[in-house]
Amino acid sequence: MRIGLFRLLKLFFVSLFLQASWSFHSMQSLGFLVITMMGIDKKKSEFLSQHSRTFFNTHPYMAGFIIGAVLHSFDKENSLEDLKKHIMVSQSAFASFGDTLFWQTIRPTLLVIAIITGVKYGLIGPLIFLLLYNLIHIYFRFYGFTTGYKMGWDVIYILKGKNLYWIQRISESIGAFCIGLLPIILDKGFNLLFLIPLSGIFIILLWKRVAPILILTFVFILIIINLIFL
Amino acid sequence: MMVISLTLLGALILLDKYAFGEFGISQPIVAGAIIGALCGDAKTGIFVGALFQMVFLVNLPIGKDIPPDAQAAGIAGCGSYFLLKGSNQTEPNLMIVFLIGILVSVLGSSLDIIVRRINEGLFYRFLRDHKKLYICHFAGVGTAFIRGLVLLLPLFFLVSIIKFPVSGAAFNKEFLLINIVSLGIANGIYLYFKRQSFYFLVIGVICALAYFVF
């Protein structure tokens, strides 16, 4: 079962707007409805009346897996009664996995690489970030639609796969290495002894889940103390 | 003219935060490079963007959480840097730029909440009339763009007319940088502190030490 190139491109383009109308009450519901309506040919009004109040929120790069599976149900003319249940279960699973994979691992890793190479060598840093990051998430978006459409609701088992686990592990290792390497962006004349206690204090604040604005206020207080006393 | 062009560019870049694509263009280091290139100094733009990037490395928009607006902070910080450079004709004070960025990050998240409430209204409008699905959804792009304008236009206008003191530029750079790199390292350790990646962190530290020693 294949989704078709034109339909895939259309879905991909509209999926770029998934979060355009994000709101606290419905989250990505409108985006989900728009993408699904673009993908289905028949039963459009039936779908809208049944699912206009369907709550939808998942990771934007992983939404394709779920929408692909919804389209699979439509094209196979499966019963639409279980659709809500499947959407509820899979959106949380893909959201949690996407947050960990993209927001907590791949994006920060590539950003740290961009910071080091950008400060040292200029434009090459942001370009490396844009190229690698977009290659990965655009691949995931396409892969999501095609796999979701092919596998139907079994697509959720893809999260158990070893490949995604290894992508995450490798990305974490590279990120950890680059974090260790981060001080090289400072000039050699700087007093690096401050780095260790300051990093320690910030780590404690982060682990204690202190609000980001308080951490930033703390940075200001440190600068003002230094300005007055040192 | 520069205020208008920076505001429009900033508001367009801010669409990438969630309204369109999420290609990473709005990340401070990339936005800094774009704004820097527009102002004729991409390297400085990248440097200022990298500062904000380190501060906001752990910035996770998970579920309903609205973290400080790192993207707006980066754009406001870089834009202000170049406006100060143009209007004050002296080396801009990094500390003031940093302060502006942080304030905008807080303002930006508050505006995010307002925009999402407006989007809620769009959703209810759709519920009343299903034919308006596409209009209500894509109007969200407009609200996101207006948010960018509302946030950046008054700020850039103020920055372009106010003369800031420029004392202690050399001091600021060293101490501010050490603070921000420390925060970047702390953010990274917070993200990656796991047994399997700990060894890689240690190897990275050894390489950094070797760089400073040799």
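Buried area is the accessible area, taken with a 1.4 Å probe, that two parts lose on being put together, summed over both. I keep that in mind for these entries, and I note at the outset that the model I am reading is a predicted one.

Entry one, the two domains of chain B. I looked up how chain B is split, and found domain 1 at residues 1-167 and domain 2 at residues 171-213. Their contact draws 11 residues from domain 1 of chain B and 12 residues from domain 2 of chain B. The C-alpha centres of these two domains lie 27 Å apart.

Entry two, the interface between them. I find that the area buried between domain 1 and domain 2 of chain B is about 1100 Å², with 82% of it given by carbon and sulfur atoms. Looking for salt bridges across this interface I find zero, while two residue pairs are in polar contact, both at pLDDT 80 or more.

Entry three, the domain 1 side. Helix 3 (42-55) and helix 5 (94-128) of chain B each supply at least two residues of the side of domain 1 that touches domain 2, and the largest share, four residues, comes from helix 3 of chain B. By residue type, I note that this side of domain 1 of chain B divides into nine nonpolar, two polar and no charged residues.

Entry four, helix 5 of chain A. Turning to chain A, I followed helix 5 along residues 83-121 and found a kink of about 30 degrees at A:R107, shortly before the proline A:P108. Just after this helix of chain A, I note that A:G122 takes a positive phi of about 85 degrees.

Technical notes:
Residues are numbered from 1 along each chain as its sequence is written. Chains are lettered from A and ligands numbered from 1 in the order in which they are written. This is a predicted model: local features need pLDDT of at least 70, side-chain atom pairs count only at pLDDT 80 or more; totals for chains, interfaces and linings use all residues. Side-chain values use heavy atoms; hydrogens and water are left out. Domain bounds come from an automatic or database domain assignment. Contact means heavy atoms within 4.5 Å. A salt bridge is a side-chain nitrogen of Lys or Arg within 4 Å of a carboxyl oxygen of Asp or Glu. A polar contact is a pair of N or O atoms within 3.5 Å; within protein, one must be able to donate a hydrogen and the other to accept it, and residues adjacent in sequence count only if both atoms are side-chain atoms. Ala, Val, Leu, Ile, Met, Phe, Trp, Tyr, Cys and Pro count as nonpolar, Asp, Glu, Lys and Arg as charged, and the others, Gly among them, as polar. The bend at a residue is the angle between axes fitted to the seven residues ending there and the seven starting there.
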